[in-house]
Amino acid sequence: MSAAETLTVAPVGGPTLPQERKLATAIPGPKSAELLARKSAAVAAGVGHTAPVHTIAAGGGVIVDADGNSLIDLGSGIAVTSVGNSHPKVVAAVQEQVAQFTHTCFMVSPYESYVAVAEALNRVTPGDHEKKSALFNSGAEAVENAIKIARKFTKKQAVVAFDHGYHGRTNLTMALTAKAMPYKSGFGPFASEIYRAPLSYPFRDGLSGADAAKKAISVIEKQVGADNLAAIIIEPIQGEGGFIVPADGFLPALVEWARANDVVFIADEIQTGFARTGEMFASDVFGIVPDLITTAKGIAGGLPLAAVTGRSEIMDASHAGGLGGTYGGNPVACAAALASIDVFENDGLIERAREIGAILTSRLTDIQARDARIGEVRGHGAMIAAEFVDPETNEPDAALTAAVAKACIAQGVVVLTCGTYGNVIRFLPPLSIPDALLHEGLDVVAAALDAA
Ligand code: PLZ
């Protein structure tokens, strides 16, 4: 039985929802419109939304709204519900834990599930060296802590991030993030000692991995200096930046340079982690072993949890009390993570991500073959994107991208855009989506592009 079949017949929670696209009303329907009116009256304007719906249930490959619409989910709440929404094993683990105790603060009186999550992360992350982990609440918090840990270990301060990189919305992570609008504009001043290097972006720079790495290393050596540099942080495949897959050899060359220069190499796998790319981690796709790895999103089936995992000597450099937080490694989130990691490892989800990737890639390249406005289809596993361009000039076409995404949502298919130039549609379906629903979602995308 495939992973998708297992999940669609599961006995509890969201996955028992009918796996269908159904439009009962226009989107938004009246109940969704009512919630959105309350939202604009009560919720800060800075908190946006992609699909104008009042969600009441989700599971398998659908999101159901209060008006009776059933939308195909091709975004997984930004790569979070990879195991599927309300996966039965996650639901059971959470219910059991929530009835036992909800919180003690791990720094006050420790509990087993936190330790078990750390052990699992030390085991499943790339490399067979001795590792340790620390748990946090959000991706941004994990990134902040990875930087703290690297600085403490190296006794150096500078950090290099890359063009198109995304690392979060807190002050330090805004500084690491490349794109001004909407993430940084007006929110400065930003943390100091953050520098930016050029990325390998084969579709736009035409460089080999070796040449792109040479260029990046030259910028780092000339503008920062290895003696000042604590860490390099990079998403092995960029997420918000546009699902940019670096050319072969780029990441290994950076890792090699970092190791030779006592610079901590941090892979931000918050979006790429946990089977998403058809490997447990994207670092495995490129054959690299990072010193530290940040994880979040897919780790706990929708509950807030994040982690930093890495070489024991680096992780142990911080003094006792230097790392932590009230909620980091909350027991309910840890129970969800243990259940999710069990599903990733034992229910064929890596294989399923590859199957989904094969469908996405073949369908999107078919569309590209008859429509030159798709400049590139790229990604790995169930993390695939299409970059939209003006076919004459290759210039990014953000207006077309926005129009296609909007039309898809109106037709009951939730897609997410991304990219520095806003001209990429990314596909991140839950790994529990049935094939038929994925195909139907892509039919809608193709029709929306034809009509645009
Ligand atoms: N690092 C690589 O993808 C989160 C953010 C969406 P948090 N990406 C989605 C938005 O508009 O806020 C992300 C990521 C990578 C860090 C983060 C930050 O993770 O859990 O959102 O803090």
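Author: In this predicted model, two strands count as paired if DSSP finds at least two bridges between them.

Reader: How do you know that β1 and β2 are paired?

Author: Strand β1 (residues 55–59) and strand β2 (residues 62–65) are joined by four bridges. The criterion asks for at least two, so β1 and β2 qualify as a pair. Their directions are antiparallel. One of the bridges links Ala58 to Ile63 in β2. The hairpin of β1 and β2 has two residues between the strands, and Gly60 takes a positive phi near 60° there.

Reader: What makes β12 and β15 partners?

Author: Again the number of bridges decides: four bridges join β12 (residues 383–388) to β15 (residues 424–427), against a threshold of at least two, and therefore they pair. These two strands run antiparallel. Within this pairing, Glu387 has Val424 of β15 as its bridge partner.

Reader: Why are β11 and β14 said to stand at the edges of their sheet?

Author: The sheet is an open one of four strands, in the order β11-β12-β15-β14, with antiparallel pairing. Because β11 (374–380) and β14 (416–418) each have a single partner strand, one side of each is left without a neighbour in the sheet. From one strand to the next, the twist averages 25°.

Reader: Which helices pack on this sheet, and what strands do they touch?

Author: Helix α14 (residues 349–370) touches β11, β12 and β15, and its direction makes about 170° with that of β11. Angles between N-to-C directions run from 0 to 180 degrees, so about 170° places α14 and β11 in nearly opposite directions. Helix α15 (residues 398–410) touches β12, β14 and β15, with a direction at about 40° to that of β15.

Reader: What makes the approach of Arg169 to the ligand a polar contact?

Author: An N or O atom in the side chain of Arg169 is 2.6 Å from an oxygen atom of the ligand; the cut-off is 3.5 Å, so the pair qualifies. Gln271 also meets it, since one of its polar side-chain atoms lies 2.9 Å from a ligand oxygen. For Glu240, the distance from a polar side-chain atom to a ligand nitrogen is 3.4 Å, which is still within 3.5 Å. The protein covers 82% of the 510 Å² of accessible area that the ligand has on its own.

Reader: How many residues surround the ligand, and how do they divide by class?

Author: There are 15 residues around the ligand, the closest being Gly139, Ala140, Arg169, Asp268 and Gln271. The shell divides into five nonpolar, five polar and five charged residues. In this scheme Gly139 counts as polar, because Gly is placed in that class.

Notes: Residues are numbered from 1 along each chain as its sequence is written. This is a predicted model: local features need pLDDT of at least 70, side-chain atom pairs count only at pLDDT 80 or more; totals for chains, interfaces and linings use all residues. Side-chain values use heavy atoms; hydrogens and water are left out. Contact means heavy atoms within 4.5 Å. A residue is near a molecule or strand if one of its heavy atoms lies within 4 Å of it. A polar contact is a pair of N or O atoms within 3.5 Å; within protein, one must be able to donate a hydrogen and the other to accept it, and residues adjacent in sequence count only if both atoms are side-chain atoms. Accessible areas come from the Shrake-Rupley method with a 1.4 Å probe; for residues, only the protein chains shown count as cover.
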